[in-house]
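Dear colleague,

I am handing over the structure we talked about, and I would ask you to keep it open beside this message while you read. My notes on what was found in it follow directly after.

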Amino acid sequence: MYYTMKTLGIIACLIMLSIAATAGTPGKDFVIADGVYYDCAEIHRGFSNTTITTTDGEKVKVPNFLVQSFRQHGRQYELLPLVNGKGDTVAMTYMELIACHNGCSLYRYCTNCNKYDPLSGEIAPMNHIYRYFVLKNGKISLLHDDATTCDAMAFFNVRVIK
């Protein structure tokens, strides 16, 4: 009888802790637009505008060109220059933040997710080709070969699954 009550008490504590942990998740998504930070309950990105439903229930419509950074579904994206292997800026685009370490950041960009690769200029069928970039001291660079990519992944403690 003693063990049954003890077990029920432990289970009740675990359930209450899990409810408290899930209750703390609002506000995990955000948008930074024109220097203003919005905690978001919902984010809808359209062709020219992003509609934000804040955690307070307010709806805000922001032009896409003002959005500097956002986190949606646990993935954070930042507007950064897309550079080629020579270091020339091709365009400005959103890159997914993968990891940060010692003031450096590792980003991932899907070059072929929209059937067009702006780095090679090729139109191709839909298959995800990821390229990785490192931002260090305000300068972004493309990891252009397997050796530098593997070294960077080790530096950021990112495990590569092939």
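Let me begin in the middle of the fold, where strands E7 and E8 pair in the antiparallel sense over 5 bridges. Within this pair, Ala99 has Leu106 of E8 as its bridge partner. The two strands make a hairpin with 2 residues between them, and in that hairpin Asn102 takes a positive phi near 50 degrees. Please keep in mind throughout that this is a predicted model, and that the values below are computed from it.

On its other side, E7 runs antiparallel to strand E6 (residues 75–83), to which it is joined by 7 bridges. Here Leu82 is paired with Ala91 of E7 as its bridge partner. E6 and E7 also form a hairpin, this one with 5 residues between the strands, and Gly87 in the turn has a positive phi of about 95 degrees.

These pairs belong to a wider arrangement, in which 10 strands form an open sheet with antiparallel pairing, in the order E4-E3-E2-E1-E5-E6-E7-E8-E11-E12. At the edges stand strand E4 (59–63) and strand E12 (139–142), and because each has a single partner strand, one side of each is left without a neighbour in the sheet. From one strand to the next, the twist averages 40 degrees. It may help to recall that strands of a sheet pair through backbone hydrogen bonds, either parallel or antiparallel.

The chain as a whole holds 2 helices and 12 strands, and from the N terminus on its elements run α-β-β-β-β-β-β-β-β-β-β-β-β-α. Helix H2 (residues 146–155) lies across strands E7 (89–101), E8 (104–110) and E11 (130–136), and it runs at about 60 degrees to E11.

Towards the E4 edge of the order, strand E2 (residues 36–45) and strand E3 (residues 49–54) pair in the antiparallel sense over 5 bridges, and Cys40 has Thr54 of E3 as its bridge partner. Thr53 also has its place in strand E3. Is Thr53 buried or exposed? Its relative accessibility is 11%, and since the cut-off for buried is under 20%, Thr53 counts as buried. Leaving aside its neighbours within four places in sequence, Thr53 is in contact with Asp39, Cys40, Ala41, Glu42, Glu58 and Lys59.

Which residues make up the largest nonpolar core? There are 11 in all, namely Val31, Ala33, Tyr38, Cys40, Ile43, Ile52, Val60, Val62, Val67, Phe70 and Tyr94. The elements that give two or more residues to this core are strand E1 (29–33), E2, E4 and strand E5 (67–72), and E2 gives the most, with 3 residues. Apart from this core lies another, of 10 residues, among them Leu82, Val83, Tyr107 and Ile140. As a general point, in soluble globular proteins nonpolar side chains tend to be buried together.

Ile140, from that other core, lies in strand E12 and is buried, with a relative accessible area of 9%. Not counting residues up to four places away in sequence, Ile140 touches Leu80, Pro81, Val83, Met95, Phe133, Val134 and Leu135. Ile140 and Gly87 are 53 residues apart in sequence, yet their C-alpha atoms are 8.2 Å apart in space.

The cysteines deserve a short word, as the structure holds 0 disulfides. Why does Cys104 form no bond with Cys100? The sulfur of Cys104 is 9.2 Å from that of Cys100, the closest cysteine sulfur, and this is too far for a bond. Cys104 is buried, with a relative accessible area of 7%, and Cys40 likewise counts as buried, at 3% relative accessibility.

Of the 162 residues of the chain, 30% count as buried. Among contacts between residues at least 6 apart in sequence, 34% join residues at least 24 apart.

Finally, a caution about confidence: the chain averages a pLDDT of 80, and 73% of the residues score at least 70. Among the elements, helix H1 (residues 2–23) has the lowest mean pLDDT (41), whereas E4 has the highest (95). Over residues 1–27 the pLDDT is below 50, and beyond near neighbours in sequence this stretch has 4 contacts in the model. Where pLDDT is low, the predicted coordinates should not be read in detail.

With best wishes

How values were computed. Residues numbered from 1 in each chain as written. Heavy atoms only, no water. Pairing = 2+ DSSP bridges. Helix = DSSP H or I, 4+ residues; strand = E, 2+ residues; numbered from the N terminus. Axes fitted to C-alpha atoms, helices over the stretch in contact; angles between N-to-C directions. Contact = heavy atoms within 4.5 Å. Buried < 20%, exposed > 50% of the residue type's maximum accessible area, 1.4 Å probe, protein only. Core = buried A, V, L, I, M, F, W, Y, C linked by side-chain atoms within 4.5 Å. Disulfide = S-S within 2.5 Å. pLDDT = per-residue confidence, 0-100.
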